[in-house]
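Thanks, everyone. Have a look at the model on the screen, and I'll walk you through it.

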Amino acid sequence: MPKYSLTIAAFSIGVAIVFLSVIPLSLPPLNTNVLNTDKIAHFLAYSIFSTCLGLAFNLDWRLKRTRLMVILAVFSFGMVLELIQGYLILYRTFEVFDLLANSAGICAFVFSGKTIEKVVVKSGIFIN
């Protein structure tokens with residue numbers, strides 16, 4: 001695998017999240033339930049982003065206290081995107097439930113990050 005492949009993956013996922021957060025999407029209206037496909041997409045995106053960033057910090061950069069850094073960085077990232085959507089982009093809105101779904105994805109990383117890291121290290125796929 002190329003050097004810093006996990007960093008490249010985390011950066012790419014972050015760029016994709018930003019892109020999907022700011023482009024105008026002409027999707028059919030979703031149901032008004034709190035748990036709809038939009039919130040599931042937020043949960044999955046932020047869970048995968050947090051996991052990739054945590055693995056990049058641990059395995060590519062060999063940083064300490066990576067879990068706390070990932071939590072703060074990814075939550076701040078999501079908060080800034082929501083604020084941009086709410087105040088700078090006319091066709092998007094700030095949604096508290098999006099922040100909650102993002103936070104749930106980050107929590108999924110917190111609870112599964114060590115296990116995923118052990119699997120990745122044991123498989124040796126992304127180890128430089």
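Start just past helix 2, at Arg-62. Its phi is positive, near 55 degrees, and this residue follows the helix. Keep in mind that this is a predicted model.

Now go to the other end of helix 2. What caps its N-terminal end? Asn-36 does. One of its side-chain oxygens sits 3.1 Å from the backbone nitrogen of Asp-38.

Between those ends, does the length of helix 2 add up, or does it fall short, for residues 37-60? The helix has 24 residues, so at 1.5 Å a residue it should span 34 Å. Its end C-alpha atoms are 33 Å apart, which agrees.

Zoom out to the whole chain. There are four helices and zero strands. Along the sequence the pattern reads α-α-α-α.

How is the chain packed? Take contacts with a separation of 6 or more: 76% of them join residues 24 or more positions apart. Of the 128 residues, 34% count as buried. The accessible surface is about 8100 Å². Carbon and sulfur atoms account for 74% of that surface.

Last topic: cysteines. How many disulfides does the structure hold? Zero. Take Cys-52: buried or exposed? Its relative accessibility is 14%, and the cut-off for buried is under 20%, so Cys-52 counts as buried. Cys-107 comes in at 39%. That lies between the 20% and 50% cut-offs, so Cys-107 counts as partly exposed.

That's my tour. Over to you.

Methods. Residues are numbered from 1 along each chain as its sequence is written. This is a predicted model: local features need pLDDT of at least 70, side-chain atom pairs count only at pLDDT 80 or more; totals for chains, interfaces and linings use all residues. Side-chain values use heavy atoms; hydrogens and water are left out. Helices (H or I, at least four residues) and strands (E, at least two) are DSSP runs, numbered from the N terminus. The expected span of a helix is 1.5 Å times one less than its number of residues. A polar contact is a pair of N or O atoms within 3.5 Å; within protein, one must be able to donate a hydrogen and the other to accept it, and residues adjacent in sequence count only if both atoms are side-chain atoms. Buried means under 20% relative accessible area, exposed over 50%, partly exposed in between (1.4 Å probe, protein chains only). Contact means heavy atoms within 4.5 Å. Accessible areas come from the Shrake-Rupley method with a 1.4 Å probe; for residues, only the protein chains shown count as cover. A disulfide is a pair of cysteine sulfur atoms within 2.5 Å.
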